[in-house]
Amino acid sequence: QVQLVESGGGLVQPGGSLKLSCAASGNLFSRSVMGWYRQAPGKQRELVATITSGGSASYADSVKGRFTISRDNAKNTVDLHMSSLKPEDTAVYYCRLYINSYAFWGQGTQVTVSS
């Protein structure tokens, strides 16, 4: 079974930066597709970014140019570098691992953007 643990969330001022990390257990990471999602209070969970096993990334329009997703297959980690943060980025951020026909969720980490 796969376990995912997110870290790096916290309180940041508008315009600031944060780096979120997700560590995966097991031996499936290097062949997986990884994604970051977020869910704000009262809103549906939405896809933020994905990265394939080969490192090809895609982003939601709302974060393009501000967020960067990356992975380190040697460390079994995927990161989300967040810059120029806005109050509307406030949400719980989750990582997800896709392998074959299965997907696994992390527990989430809170990001709050506020003055």
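This section describes the aromatic pairs, the nonpolar core, the disulfide and selected residue environments of a predicted model.

Two aromatic pairs were found in a search of the whole structure. In one of them, Y37 and W105 meet edge-to-face, with a centre-to-centre distance of 4.9 Å and an angle of 70° between the planes. This pair connects distant parts of the chain, as Y37 belongs to strand 4 (residues 33–39) and W105 to strand 10 (residues 102–105), with their positions 68 residues apart in sequence. The two partners fall into separate accessibility classes: Y37 is buried, at 12% relative accessibility, whereas W105 is partly exposed, at 35%. Because 12% is under the 20% limit, Y37 is assigned to the buried class.

The other pair is formed by Y94 and W105, whose ring centres are 6.2 Å apart. The planes of Y94 and W105 stand at 80°, and the pair is therefore classed as edge-to-face, the threshold for this class being an angle over 60 degrees. Y94 is located in strand 9 (residues 91–99) and W105 in strand 10, so that this pair ties together parts of the chain 11 residues apart in sequence. Y94 is buried, its relative accessible area being 14%. Through these ring pairs, Y37, Y94 and W105 are linked into a cluster.

Arginine side chains are also placed over aromatic rings. R45 lies over the face of Y94, at a distance of 3.7 Å from the ring centre. Y94 thus has R45 over its face and also pairs edge-to-face with W105. At another site, the ring of F29 has the charged end of R71 over it, 4.5 Å from the ring centre.

In soluble globular proteins, nonpolar side chains tend to be buried together. The largest nonpolar core of the model comprises 28 residues, among which L4, W36, L80, Y93 and L97 touch the most other members. Two or more residues of this core are supplied by each of strand 3 (18–24), strand 4, strand 5 (46–51), strand 7 (67–72), strand 8 (77–82), strand 9 and strand 11 (109–113). Strand 9 provides the largest share, with five residues. The surroundings of Y93 illustrate how this core is assembled: when neighbours within four places in sequence are left aside, Y93 is in contact with E6, L20, W36, Y37, R38, V48, F67, L80, M82, G108, T109 and V111. Among these contacts are W36 and L80, which are also listed with Y93 among the core residues that touch the most other members.

One disulfide was identified. The bond joins C22 to C95, with an S to S distance of 2.0 Å. The link is right-handed, with 50° about the S-S bond. Distant parts of the chain are connected by this pair, C22 lying in strand 3 and C95 in strand 9, 73 residues apart. Both cysteines are buried, C22 with a relative accessible area of 1% and C95 with 0%.

Two residues of strand 11 were examined individually. T109 is located in this strand and is buried, with a relative accessible area of 11%. A polar atom of the T109 side chain lies 3.2 Å from the backbone nitrogen of G9. Beyond four places in sequence, the contacts of T109 are E6, S7, G8, G9, L20, A91, V92 and Y93. G9 therefore appears among the contacts of T109. V113 is likewise found in strand 11 and counts as buried, at 4% relative accessibility. Residues up to four places away in sequence being excluded, V113 touches V12, Q13, P14, L85, K86, P87, D89 and T90. The C-alpha atoms of V113 and T77 are separated by 24 Å, the two residues being 36 residues apart along the chain.

Y98, in strand 9, counts as partly exposed, at 24% relative accessibility. Apart from residues up to four places away in sequence, Y98 touches S32, V33, G35, Y37 and A103. With Y37, the contact includes a polar contact between the two side chains, at 2.2 Å. Y37 is thus engaged by the side chain of Y98 as well as by the ring of W105. Y98 and G54 are 44 residues apart in sequence, with a C-alpha to C-alpha distance of 14 Å.

Technical notes: Residues are numbered from 1 along each chain as its sequence is written. Side-chain values use heavy atoms; hydrogens and water are left out. Rings of Phe, Tyr and Trp (its six-membered ring) pair if their centres lie within 6.5 Å; planes under 30 degrees apart count as stacked, over 60 as edge-to-face and the rest as tilted. Helices (H or I, at least four residues) and strands (E, at least two) are DSSP runs, numbered from the N terminus. Buried means under 20% relative accessible area, exposed over 50%, partly exposed in between (1.4 Å probe, protein chains only). A charge sits over a ring if NZ of Lys or CZ of Arg is within 6 Å of the ring centre and within 35 degrees of the ring normal. A nonpolar core is a set of buried Ala, Val, Leu, Ile, Met, Phe, Trp, Tyr and Cys residues joined through side-chain atoms within 4.5 Å. Contact means heavy atoms within 4.5 Å. A disulfide is a pair of cysteine sulfur atoms within 2.5 Å. A polar contact is a pair of N or O atoms within 3.5 Å; within protein, one must be able to donate a hydrogen and the other to accept it, and residues adjacent in sequence count only if both atoms are side-chain atoms.
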